[in-house]
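Thank you all for coming. Before I begin, please look at the sequence and the model for a moment, and then we will go through the sheet and the core together.

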Amino acid sequence: MNEAPTAPMPVVLGIDDLRPLPRTTRIARTSREGTQLLEEHRAGFIDELWLDHDLGGDDTIMPVVTLLEEAAFNGRPFQIGAVFVHSANPIGAETVVRSLTRWSYRVQRATAPTSTAE
């Protein structure tokens, strides 16, 4: 008996210092972890990327944004279905949205996903 192949699990990455982001398949808590996480998925498709601007202390999402911008500038943008910016910092969030939109990433402001138990 042949079973139908199952669809691959969506790749949903999150970079946020505090939120649990229960829909994500992997999460990074700092910009350094975030850039490493993206590099690990460089060759594949990322269905969703969830970004918070402020990552604790002086750390922000901007090193990750720079990585995404440089990849696009070099003609090798990351393959991402949608980028969601869920920061409580409106100026920082708008900066991320503008920066990534300029490089043709599909970006939108969003509310961070929460678990269904809340």
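Two strands pair if DSSP finds at least two bridges between them, and both strands (E, at least two residues) and helices (H or I, at least four) are DSSP runs numbered from the N terminus. This is a predicted model, in which local features need pLDDT of at least 70, side-chain atom pairs count only at pLDDT 80 or more, and totals for chains, interfaces and linings use all residues. Residues are numbered from 1 along each chain as its sequence is written, and side-chain values use heavy atoms, with hydrogens and water left out.

How are the five strands ordered in the sheet? They form an open sheet in the order 2-1-3-4-5, with parallel pairing, and its edges are strand 2 (26-28) and strand 5 (107-109), each of which pairs on one side only.

Within this sheet, strand 3 and strand 4 pair in the parallel sense over six bridges, and Leu51 stands opposite Val85 in strand 4.

Leu51 also takes us to the largest nonpolar core, which has 26 residues; such a core is a set of buried (under 20% relative accessible area, 1.4 Å probe, protein chains only) Ala, Val, Leu, Ile, Met, Phe, Trp, Tyr and Cys residues joined through side-chain atoms within 4.5 Å. Among the residues with the most contacts inside this core are Leu38, Leu51, Leu100 and Tyr105. The elements giving two or more residues to this core include strand 3 (45-51) and helix 2 (62-73), and helix 2 gives the most, with six residues.

Notes. Buried < 20%, exposed > 50% of the residue type's maximum accessible area, 1.4 Å probe, protein only.
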